[in-house]
Amino acid sequence: MKMTCKHLVMSLLVAVSTLAAPAVRAADDTSKLDTAKIEQLTGAKGQMNAEEGVFKVSFPRSDVKVTVDGTPMPPFMGLTSWAAFKPGMKDGAVMVMGDMVLMQDEVNPVMSAALDSGLSVTALHNHFFFDEPKVYFMHIGGEGDTAKLAEAVRKVQDTVKSIRSTANQLGKSFGGKPMPEKSNVTAAPLAAVLGAKATEKDGMVKFTLGRTTKMPCGCEVGKEMGVNTWAAFYGSDDHAFVDGDFATLDGELQPVLKALRKNNINIVAIHNHMEGETPRVIFLHYWGVGPTAELAKGLKAALDVQKK
């Protein structure tokens, strides 16, 4: 069928309007962001990307000198914390996503500040090798009222400033007295708390709790294939450390993080171990120090908030 000049013109107009629509919507969205309030409450200057409808505030980490492979790294080269705000789908709602550049002694206090302020913590990992001091990156997110989200970002940054203002040097340990040279942990009380069977070796005690998921091939994988939550204890009953891994399913990561932090257990990594699995599994690694009974109680609190 031949296209008339009128039909051709109409088609071109539709095509142009379709291409322009996203830009128009983005421009309309930017008017929904109170950028002045965001700057005021976060304490940082921001930049608007009108094309994407995003307002981003930044916090360069110029307060700590970092080298990577012997080369000094300016904040411009990836050592700048940021938080980006965008209108949400609900009326009046705003979403925020960000990446916090943190030293090792800042990670867990900052994580607690973020979680307590209503933000989600979605990843914790390194971006470099051979960096001095070690730098970690904590990804955050949230949705809701502009003021509350901006205030939460400010609390995160205030926590960083508070730590650096009171510590002349970067922390090099979790603190506390040294561990005994030989481990001698009693397994039975821990097994009773965690409701799992213990594996013992040279005075150390370990628990492994399996979960299951399916890989893209349709194969079900579980505990022995690495889909598990585990905890290993070393030291004495009165003074020990526990390290391990939590396998969390959709909706479990935030409650588990909150439970562990409320029980003074440190988070050291959040990431994936696989790709394409169903349900998706996110793993978090942790480290806690204290009497074994208290450590087991904290782990049990985190296990209890996972889906049954």
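The following paragraphs lead through the interior, the open and enclosed spaces, and some backbone features of this structure. The model is predicted.

The interior is a suitable place to begin. The largest nonpolar core has 58 residues, and those with the most contacts inside it are F85, M138, F233, I270, L284 and L299. Helix α4, which spans residues 146-166, makes the largest contribution to this core, with 7 residues. A separate core of 10 residues lies apart from it, and its members include V64, L79, V135 and F137. In soluble globular proteins, nonpolar side chains tend to be buried together.

Two residues allow this interior to be examined in more detail. I270 is one of the residues with the most contacts inside the largest core. When neighbours within four places in sequence are set aside, I270 is in contact with M111, V121, T122, A123 and L124, with L253 and L257, and with I282, F283 and L284. Of these partners, L284 is itself named among the residues with the most contacts inside the core.

The second residue is L149, located in helix α4. L149 counts as buried because its relative accessibility is 6%, and the cut-off for burial is under 20%. Beyond its neighbours within four places in sequence, L149 is in contact with F85, V94, M95, V96 and L119, as well as with G142, E143 and G144. F85 also appears among the residues with the most contacts inside the largest core. The chain also brings S117 into relation with this position: the C-alpha atoms of L149 and S117 are separated by 8.1 Å, although the two residues are 32 residues apart along the chain.

The enclosed space comes next. There is 1 cavity of 30 Å³ or more, and the largest cavity has a volume of about 60 Å³. Its lining is formed by L194, F207, L209, T229, W230, A231, F246, Y286, L299 and L303. Strands β11 and β14 (228-235) and helix α7 (292-304) are the elements that give two or more residues to this lining. The most, 3 residues, come from β14. By class, the lining of the largest cavity has 9 nonpolar residues, 1 polar residue and no charged residue. L299 links this description to the core, as a residue that lines the cavity and that is listed among those with the most contacts inside the largest core.

The largest pocket offers an open counterpart. Its space amounts to about 350 Å³. The pocket is lined by 14 residues, of which Q104, D105, N108, S173 and F174 are the closest to its centre. Helix α3 (107-116) and strand β16 (266-271) each supply at least two residues of the lining. In composition, this lining has 7 nonpolar, 5 polar and 2 charged residues.

A charged residue with little accessible area merits separate attention. R211 lies in the loop between β11 (204-210) and β12 (213-214). R211 counts as buried because its relative accessibility is 15%. A polar atom of the R211 side chain lies 3.0 Å from the backbone oxygen of A247. Apart from neighbours within four places in sequence, R211 is in contact with V221, G222, K223, V227 and N228, with A247, T248, L249 and E252, and with Q306 and K307.

The loops also contain backbone features of note. What is the geometry of the peptide bond from E132 to P133? This bond is cis, with omega near -10°, and P133 is found in the loop between β8 (131-132) and β9 (135-144). A cis peptide bond also joins T278 and P279, with omega of about -5°. P279 is found in the loop between β16 and β17 (282-290).

Positive phi values occur in two residues other than glycine. D69 has a phi of about 55° and is placed in the loop between β3 (67-68) and β4 (71-72). With a relative accessible area of 62%, D69 is exposed. For N264, phi is near 60°, and this residue lies in the loop between α6 (253-262) and β16. N264 counts as exposed because its relative accessibility is 59%, and the cut-off for exposure is over 50%.

Terms used: Residues are numbered from 1 along each chain as its sequence is written. This is a predicted model: local features need pLDDT of at least 70, side-chain atom pairs count only at pLDDT 80 or more; totals for chains, interfaces and linings use all residues. Side-chain values use heavy atoms; hydrogens and water are left out. On a 1 Å grid over the protein atoms alone, a cavity is a set of points where a 1.4 Å probe fits but cannot get out, and a pocket is an open set with protein on both sides within 12 Å along at least five of seven lines; lining residues have an atom within 4 Å of a point. Grid points are joined across faces, edges and corners, and a volume is the space filled by probe spheres set on the points. Helices (H or I, at least four residues) and strands (E, at least two) are DSSP runs, numbered from the N terminus. Ala, Val, Leu, Ile, Met, Phe, Trp, Tyr, Cys and Pro count as nonpolar, Asp, Glu, Lys and Arg as charged, and the others, Gly among them, as polar. Buried means under 20% relative accessible area, exposed over 50%, partly exposed in between (1.4 Å probe, protein chains only). A polar contact is a pair of N or O atoms within 3.5 Å; within protein, one must be able to donate a hydrogen and the other to accept it, and residues adjacent in sequence count only if both atoms are side-chain atoms. Contact means heavy atoms within 4.5 Å. A nonpolar core is a set of buried Ala, Val, Leu, Ile, Met, Phe, Trp, Tyr and Cys residues joined through side-chain atoms within 4.5 Å.
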